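Q: Pick one part of this model and give me a close look at it, then work outward from there. I'd like the cut-offs spelled out as you go.

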Amino acid sequence: MSTISQWQLRAAFAERLSRMYGQEVPAYTTLVDVTREVNEDVLRAQGAGAERLGSIGRVTAERHGAIRVGTPRELQQVARVFAALGMHPVGFYDLREAAASAVPVVSTAFRPVDGEELARNPFRVFTSMLTPGDPRFFDAGLRTRLEAFLARRELFPPELLALADRAAADQELPEEQAERFLQLAVEAFELSPEPVDKAWYETLERISAVAADIGGVRSTHINHLTPRVLDIDELYRRMTGRGIEMIDTIQGPPAWKGPDVLLRQTSFRALAESRAMRTPDGGVVSGALRVRFGEVEARGIALTREGRALYDELLGLIDERALLYPAEARVDIARGVWERHMPGSEQDLAAEGLAYFTYRLAPDRPRDGSRPPTDLEGLVREGWVRAEPIVYEDFLPRSAAGIFQSNLSGEGTRDNDQQGTAYDAAWLSGAIGRDVLDPFDLYEQQQNRSLARVAHELGLTGTLR
């Protein structure tokens, strides 16, 4: 009997999810079409340079999804589903602190971590969990009601979880079971036709639209699905030209003449979707909810801890200047700050230890009998070794919060006189029942493996730095 490997399951799941979401949210299909057009135009204009941060095949297939769950138990279960696809929890994101409005969630991202697996299919899912225990958002009475509601629901059927556990253990599934797994997994993230309890939903919505989307319904669903584009500024212009309302800004680093770093994101605004609503007298009326939107992203080079500290510092400078000069466009302020403080080339980023690269021997270096330098900078400068940027595979809390906020129907409420409940990566690891991996460690390990390989191939002793 033929079997389906984990990466094939992952690719099939991403493709089916995309097809399903396009049927539910037609504007998403427009977004994918415009993304493809932009990518084709960039490839024609730039040639091989357009694939500096990933082959066009990978970029075209690339998606990240976003889902929201309510409890550690639900998070454990969704982790089992994603483990079947070879996806691991990476990074801890506290959107409560990154958002000015009420976004009472903490998050992680499930994704492949091995370089070959990422190259095969880099599907990732940004997964947020509600924090009912945070008194800044939920008083004791509402917390009790919310936790009781969440405890009564079932997001993932036992058959799906059993198949997921088998796929994770065997790293594959027989074809027939793979088909059943994919069917159940996609169904778990479809928008449910079940009527929404109108009064309960509105109670939570007064606290936070995100809380209502998670705890006000008896199921979960894909909140957005995100293609990857090679020129996000051009995509923004084309989507606007087609009459699709975009959020006000592109989140993340500014567009500038230097290397792209980290992640830039934007989206079209959440659309009013018709939903059946159950009224307190038991009747069902037609309503509309705005919770799902179409996001798109452009990925850059992964920054080291020092590079990330610089990035955060520059965001602070931009904020300060925006307050001092309110008449100046923020995008112009950001570009000016970047050009003054961010290294303007990949070589400078590498030399200053601000970004991650993999290194390999240059295959076309002339053989002149000379001995290679023993330091990395010399090897690169003299053409012995080439540096290739590592793509940033993760997320930015402030950017994610900015996307969430731009698509909310209201600010919600938050009592900052209360002490917030503490969550961190260690707590999340315990809640999920598996380690939440540190993205910096993953990038550093990838870089170090390439350096060790170069040193071995050149017969050098010691560690290249």
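**A strand pair and its surroundings**

A: Start with P89, which sits opposite F110 of strand 4. Keep in mind that this is a predicted model, so local features need pLDDT of at least 70 and side-chain atom pairs count only at pLDDT 80 or more, while totals for chains, interfaces and linings use all residues. Residues are numbered from 1 along each chain as its sequence is written, and side-chain values use heavy atoms, with hydrogens and water left out.

The P89–F110 match belongs to an antiparallel pairing of strand 3 with strand 4 (residues 105-111), held by five bridges. Strands here are DSSP E runs of at least two residues and helices are H or I runs of at least four, numbered from the N terminus; two strands pair if DSSP finds at least two bridges between them. Strand 3 (residues 88-94) is largely enclosed by the rest of the structure, because five of its seven residues are buried. Buried is under 20% relative accessible area, exposed is over 50%, and partly exposed is in between (1.4 Å probe, protein chains only).

Moving outward, there's another antiparallel pair: strand 10 (residues 273-278) and strand 11 (residues 284-289), with six bridges. Along it, S274 faces A288 and A276 has S286 as its bridge partner. Five residues separate the two strands in this hairpin, and G282 takes a positive phi near 95 degrees there. The pair is part of an open three-strand sheet, ordered 7-10-11, with mixed pairing. Strand 7 (196-197) and strand 11 are the edges: each has a single partner strand, so one side of each has no neighbour in the sheet.

Positive phi also turns up in two residues that aren't glycine. Q171, with phi near 60 degrees, is in the loop between helix 8 (158-170) and strand 6 (172-174), and its 53% relative accessibility makes it exposed. L262 has a phi of about 55 degrees and lies in the loop between helix 12 (232-241) and strand 9 (263-268). At 1% relative accessibility, L262 counts as buried.

Now the packing. The largest nonpolar core (buried Ala, Val, Leu, Ile, Met, Phe, Trp, Tyr and Cys joined through side-chain atoms within 4.5 Å) has 72 residues, and L95, L130, F138 and L349 have the most contacts inside it. Helix 19 (residues 439-458) gives the largest share of this core, six residues. Setting aside neighbours within four places in sequence, L349 is in contact (heavy atoms within 4.5 Å) with P259, V261, I301, M342, P343, L354, A355 and F357. A separate core of 62 residues includes F13, L75, I222 and F268.

As for voids, the structure holds three cavities of 30 Å³ or more. A cavity is a set of points on a 1 Å grid over the protein atoms alone where a 1.4 Å probe fits but cannot get out, and lining residues have an atom within 4 Å of a point. The second largest has about 60 Å³ of space, and its lining includes H64, F126, H224, E295 and F404. Strand 2 (63-69) and helix 17 (397-406) each supply at least two lining residues, with helix 17 giving the most, three.

Conventions
On a 1 Å grid over the protein atoms alone, a cavity is a set of points where a 1.4 Å probe fits but cannot get out, and a pocket is an open set with protein on both sides within 12 Å along at least five of seven lines; lining residues have an atom within 4 Å of a point. Grid points are joined across faces, edges and corners, and a volume is the space filled by probe spheres set on the points.
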